[in-house]
Amino acid sequence: MDAGNGDDRQSHSGSSDELPRNPIAPQGRGSVGEEAASNTVGGGIGAGPLGSTATPTDSTRATSNSGFSGSKRPRRYSWVWNHFTINDNFINESGIDIGPRSVCHYCDKHYKCRSHNGNGPEGRHLKSKHADKIAGASDSSNFVYSKEKMRHGLALYVAAAEQPFTFGDDIRFEYFVQNYLNPSFAKVSRNSTRSDTKKAHSEVKKDLISELATVGAIGFTSDMWSGINNRGYICVTAHYKDSSWTLQKKIIAFRLVEFPHDANHIFDSIMGVFRDFSVLDKVYSITFDNHSANTATLPLFVRNLTTPYFGELLHLRCVCHVINLVVQDGLEKIAPQISKIRNAVLFIGNSPSRQQEFDKMCTTFYNLKPKNMNADVQNRWNSTYLMLKSCRKYSDVISAYVNQRYRPYLDSPLTQDHWKIGFEFMKFLKVFYVATLCCSGVRYPTSCIVLHHLFNISVNFRKHREHPNFVHACLAMEAKFRKYYEEMPPIFMLAAVMDPRMKLKGVSLVLGQIGTNLGIFTLPSSDDVYDLLTTMYAKYDSKFHSTAASTAAPLTSSTSGNDEFWNFVSSNIGIGSSTVSSRIELDKYLDLESVNVNEMRDFDVLAWWKKNEDKYPVLSIMTRDLLTPLVSSVASESAFSAGSRVLDERRNRLAPDILDCLICLKDWEDARLGIQKRSAKDEFRGYFADSDIDSD
């Protein structure tokens, strides 16, 4: 993003076929670990609070097994299964598998789920607790057609499904609805749908403002995007925890920014959003990418925001952007050594005839499925990793093909030595890829996991800096790494202490090891971190002091796992009971027995604090705030993708206020239906496309 020149980032599609295990995310709330748990470099931290499960599709709800061993469960046609998920092996709070249970999508309530039980309890629960979610679902015979409700629903659909305003004005659509759904339907004009959309946006916005008024601290992420009309738009996304300690993400603005896109205009735009949503007193942090114009807004926010959350942690640099800058410096040094592989992949993929010949060679001589390799794209370091990864198992056939067909253009053939270097570099890059994916999540706290990945990156440097093929790359990357993290942002340390697996001793050990691995001697000591903690806690205690008694209870575990990071932490912290004699909540928490090493991988930080917030009434408020900020601005990418689809060639004159309505209403409707992008893979897609890597 070039805020000064208006050369803002534009979203492009990207993909990956391997994802690491998400370090914190509860299952069913965006866990990337469910896709490829075994692929994390150095292991993962795990996912899954007790009793949680990934939300399946309607088809899997209908066919998953529960009490029907060796056979498919009969299809479930009742309307309640649109609102309940079947968990075949539900784990209760005591860690015991109590068999199949049906779990409500909107709260933690669960019921027995066997063939003879019926679904009466589920239906009664929905009608009494979630009537707003099931309006008209339980009894279609009572349905009464309302033109007003139809137009409201049509406006929501048009926005959420990214349809044109003329959708309801199509004579074919009118014929379909009148003849197959409801004969009372009449076409809705383009202008009517447009006005209905603005009205729906206004109504939902009022509800969101009321919801934000009830929550605590809010972390914001912001980024800029340039549309097809060459105008700059800023996206502001709010991240907060609801009463059940569930992280929520809502795009609250997608607005035009006046040129030039300097610090003053960016500041005015964001402050206007804060005023519009009445959240000036709830701003805890703002996460930007690393552009100088964004950084220059910080003093303006400090002078103009009076937040009860003390403002010490207001500004965060996007960790994923910093990782991008670090890796780009290394790519410049290693690029010549992998250029033959890059050129070979491009040679095959740039010609349909050559791709066809290559596919035939794969099946005829190598017994491999035809495959299109991922091309390496300049300024997208993750594409280099994905290119090398896509070539695994195909190195021999690629070499054979290009050495035969491309030989006149090669100064030397593509050999196994080139592949050896390429695949070693792929393993080297994987640590950064995993870190970027995990830190770009929005459905789990990321502020407490940054030290984990910075530690893994420092170990990666230590292991490879003596390798002859990586010496120059490591030197360049380590220099850039030290530039940003030799003064460690306080939020990373404070939030990590609030992870019961880490505590103060774990954070101190990790900081010391990072400093040793990278030769950084300015990282805070244990006393420095403790001083930060006590200072912040004193402010919270004076504001939120509670006389509720707090007692510590030992934790139990029913899971197991292995992670190099957590092995290091647990082996140095030690596992054992401590005497709880401190008088303040903070010291009581720090004195507790550490989480068992077998529980470190499969652990949900938010679930632990939700369970223990009564024991730590003040400290839990401080923890809720510390775990709220997002360390990456990647979340805005979903808005940019939608923006490029809504503001396309046919609608490039769409008014800014209408674009804001459409993008926000789509995000809010997706959140209501539970279909917002769920994983880091979704949010990470295309993040580095056209990124301004020189703005450091």
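Leaving aside its neighbours within four places in sequence, which residues is I96 in contact with? In this predicted model, the answer is a short list: F90 and I91. I96 sits in the loop that runs between β1 (84–87) and β2 (101–104). With a relative accessibility of 48%, I96 counts as partly exposed, because its value falls below the 50% that "exposed" requires and is not under the 20% that "buried" requires.

From this one loop residue, the view can be widened to the whole chain. The secondary structure comes to 25 helices and eight strands. Of the 696 residues in the chain, 54% are buried. The accessible surface amounts to about 30300 Å², and carbon and sulfur atoms account for 48% of that area. Contacts also reach across the sequence: among those between residues at least 6 apart, 71% join residues at least 24 apart.

A word on confidence helps in reading the picture. The mean pLDDT of the chain is 78, and 74% of the residues reach 70 or more. Two stretches call for caution. Over residues 1–71, pLDDT stays under 50, and the model has 238 contacts beyond four places in sequence for this stretch. Over residues 574–583, pLDDT also stays under 50, with 16 such contacts in the model. Where pLDDT is low, the predicted coordinates should not be read in detail.

The interior comes next. The largest nonpolar core has 111 residues, and the members that touch the most others are I398, F432, F461, M498 and L626. Helix α9 (residues 319–349) supplies the largest share of this core, with 15 residues. Another core, of 53 residues, lies apart from it and includes V177, Y233, F254 and F277. To see what surrounds a single core residue, F461 can be followed: beyond its neighbours within four places in sequence, F461 is in contact with V326, F428, F432, C474, M477, E478, F481 and L518.

Helix α11 (residues 381–390) offers a clear case of burial. Since 10 of its 10 residues are buried, α11 is largely enclosed by the rest of the structure. The buried residues of α11 include W381, Y385 and L388, and also K389.

E478, one of the contacts of F461, takes part in a salt bridge as well. The side chains of E478 and R482 meet at 3.6 Å, N to O. These two residues are four places apart in helix α15 (residues 471–485), so about one helical turn separates them. An α-helix has 3.6 residues a turn, so residues three or four places apart point the same way. The partners are covered to unequal degrees: E478 counts as buried because its relative accessibility is 7%, whereas R482, at 25%, counts as partly exposed.

Across the whole structure, a search finds 17 salt bridges. One of them pairs E162 with K666, with the closest N and O atoms 3.6 Å apart. E162 belongs to the loop between α3 (147–160) and α4, while K666 is in helix α24 (residues 656–673), so this pair ties together parts that are 504 residues apart in sequence. Both E162 and K666 are buried.

Helix α24 appears again in the salt bridge between D660 and R255, where the N to O distance is 3.6 Å. D660 lies in α24 and R255 in strand β6 (residues 247–256), so parts 405 residues apart in sequence are tied together by the pair. D660 counts as buried because its relative accessibility is 10%. R255, at 21%, counts as partly exposed, because "buried" requires a value under 20%. Salt bridges that share partners join D660 and R255 with K205 and D276 into one network.

Finally, the surface has a feature of its own. Y175, F176, Y180 and L181 form a nonpolar patch there, with about 500 Å² of accessible area together. F176 is placed in helix α4 (residues 171–180). Is F176 buried, exposed or partly exposed? At 40% relative accessibility, F176 counts as partly exposed.

Notes:
Residues numbered from 1 in each chain as written. Predicted model: local features only at pLDDT ≥ 70, side-chain atom pairs only at ≥ 80, totals over all residues. Heavy atoms only, no water. pLDDT = per-residue confidence, 0-100. Contact = heavy atoms within 4.5 Å. Patch = residues over 30% accessible without salt bridge, like charges linked within 9 Å, V, L, I, M, F, W, Y side chains within 5 Å. Areas by Shrake-Rupley, 256 points an atom, 1.4 Å probe, with all protein chains shown as cover. Salt bridge = Lys/Arg side-chain N within 4 Å of Asp/Glu carboxyl O. Buried < 20%, exposed > 50% of the residue type's maximum accessible area, 1.4 Å probe, protein only. Core = buried A, V, L, I, M, F, W, Y, C linked by side-chain atoms within 4.5 Å.
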